[in-house]
Amino acid sequence: MTPPASAPATQTTLPTYVVGHRNPDADAICSAIAYASFKEARGERGYVPARCGNSNARIDTILARFHQPLPHYLSDVSPRVHDLMTRTVIAVPEQATCAEALELLDRHHIRVLPVMNARRQPFGTVSIAALGGVFIPRVNQPRLMRQVHTSLAAIARALKGRAVHLVKENVVEDFYVRVGTMDIRSFWSISERENIAAHESIVIVGDRRDIQRRSIELGIRALVITSGLEIDAETVAQASARGVSIIVSPYDSTTTGWLVRTASSIERIIDRSVVTVAADDRIADVRKKFSVTSHALMVTNDEGGLIGILTKSDIFKPVPTRLVLVDHNELPQAVPGAEEVTIAEIIDHHRLGAVHTAQPILFINEPVGSTCTIIADMFRREGLQPSPPIAGIMMSGLISDTLHLNGPTTTSKDAIILAWLAEIAGVNSKQLADEIFNSGSVILANPPDKVVRSDFKIYEEEGIRFAVSQVEELGFGNFWQHAKPIAHAVQELREEEKLAFAALLVTDINTQNSLLLVKGDATFIGRIGYPHVEQDEIFDMPGVVSRKKQLIPYLTSLIKEMADVFAPQKRR
Ligand SMILES: [Mn+2]
């Protein structure tokens, strides 16, 4: 028989992605690179820095300055079929016998076998249940009990027998099997009574020369001689002359009869309702296909070839994808699909959002100026020294998030860590800050829709979904020049993301002041207590530079007030 097709197992150790929030800023990118490097320094393998979104001029400047590649792009980590499928597929060709199928099912402790054609395309399955049906004795149907649908070659194979003489051995046909143990006088009477023709009959017999000769005279299809007994040359010559095949079985009559039955072809018990899926399909999407077929899904490539099998138990296996979240801890800000995979660690300096995990995890949340500050401190506390480029990368994330220690989120620890990193990197932090902040105006370098999406985050408070984007500029000149199209882009962002409101915080790094542009619910906008600069949608926010520490708490308090006014019954 054709050997069972099996693909080689490709069990490689999967990476753990260290990834920042969507629409990454410099700290999200730099902390991902730095944390992967920290893991490597500790001798932990397989941590790969990743990003969930595009780079920008500032990030490009930083990466070029310290010779780091752009982290691996992750668009969606939802588990796919290839994450959970069984790659080593045990399958049978359509010509296989029940014996061969049973042996594979038994040897590999499986319940379903795909059946493939010569081009490795699956066209059905054979299950233990279907095979069981073949071997259930149906005593009220004696003719059916004798029937075997197979070829003489398959019978010879099942018996591991010696083919003395074979005629048309590869033709699959219906045979009726009989054991020649009775007296020669009553030998053929049962076959006559059951109306079984000689040319469809197989007779299993020992060294009973009379039965052998009589069978040949009748012109039966094949004689199976049991217990490895010899057969004389004259009988063989008669059989060849009459076109009767002869196989010598090493087993006794009972075992031989049983094995001939197992030589039945699987052809008639193949379940041809095959459901195929692609390796890249999402598990969530293929799950419902199990209601159509009770067996397993066939995973095929573009040519329809079988590359794996997905069983019901496969979809309950743990998903191998692992993430370390840096610079965020809220799921709406995380890479799509994060909620379906393992979150191994979180390193962050933002407010706590609701992330539920199945297992206890390492969660470090410290109210310092940047995630890079926390990671640099981990290096320092473990007595590990980052390489000069990695120290530079951490300086960059820290400088970017704290506006070079000027922002209100800055702590004394940020200053200490920045000095420590500057020493290792051999870089002057003031010079680096100038390079980073001069690396291009986001407003000048991008169309308005990119400006509002370059650093935007979605929040949810009291069931209200809103977004706040931020751009940092040297002066407000560029903003005022493009204020109208930018306002339009904020409105579009609000509609596309179905938000209660969308806001853009434009921060002047020089003067440490901001403007806030808001599009959305008029009642909400009316509650903003800062002075209008123009119309009702741009507000002057002197001294406000931190989205996280100043703006979000303010907006959250407004939303809570509104919730009290409009839906007091909902609140305790
Ligand atoms: Mn940050």
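Which residue in strand 5 does Val92 stand opposite? In this predicted model, the partner of Val92 is Val115. Strand 5 covers residues 112-116 and pairs with strand 4. The pairing of these two strands is parallel and runs over 2 bridges.

Strands 4 and 5 belong to an open sheet of 3 strands. The strand order is 4-5-6, and the pairing across the sheet is mixed. Strand 4 (92-93) lies at one edge and strand 6 (122-127) at the other. Each of these edge strands pairs on one side only.

A helix pair was also examined. Helix 7 spans residues 152-159, and helix 11 spans residues 253-262. Their axes come within 9 Å and cross at roughly 130°. Angles from 65 to 115 degrees count as roughly perpendicular and those over 145 as roughly antiparallel. Helix 7 and helix 11 are therefore oblique to each other. Their crossing is right-handed. Helix 7 contributes Ile155, Ala158 and Leu159 to the contact. Helix 11 contributes Thr256, Leu259, Val260 and Thr262. Of the residues in this contact, 5 are nonpolar and 2 are polar. None is charged.

At the level of the whole protein, there are 22 helices and 24 strands. The radius of gyration is 38 Å, whereas the globule rule gives 25 Å for 572 residues. The value is well over that given by the rule, so the protein is more spread out than a compact globule. The C-alpha trace spans about 115 × 55 × 40 Å along its principal axes.

Terms used: Residues are numbered from 1 along each chain as its sequence is written. This is a predicted model: local features need pLDDT of at least 70, side-chain atom pairs count only at pLDDT 80 or more; totals for chains, interfaces and linings use all residues. Axes are lines fitted to C-alpha atoms, for helices over the stretch in contact, and angles run from 0 to 180 degrees between N-to-C directions. Helices (H or I, at least four residues) and strands (E, at least two) are DSSP runs, numbered from the N terminus. Angles under 35 degrees count as roughly parallel, over 145 as roughly antiparallel, 65 to 115 as roughly perpendicular and the rest as oblique. A crossing is left-handed if the near helix is turned anticlockwise from the far one by less than a right angle, and right-handed if clockwise. Two residues are in contact if their C-beta atoms, placed from the backbone, lie within 7 Å. Ala, Val, Leu, Ile, Met, Phe, Trp, Tyr, Cys and Pro count as nonpolar, Asp, Glu, Lys and Arg as charged, and the others, Gly among them, as polar. Two strands pair if DSSP finds at least two bridges between them. The radius of gyration is taken over C-alpha atoms; the globule rule is 2.2 Å times the number of residues to the power 0.38.
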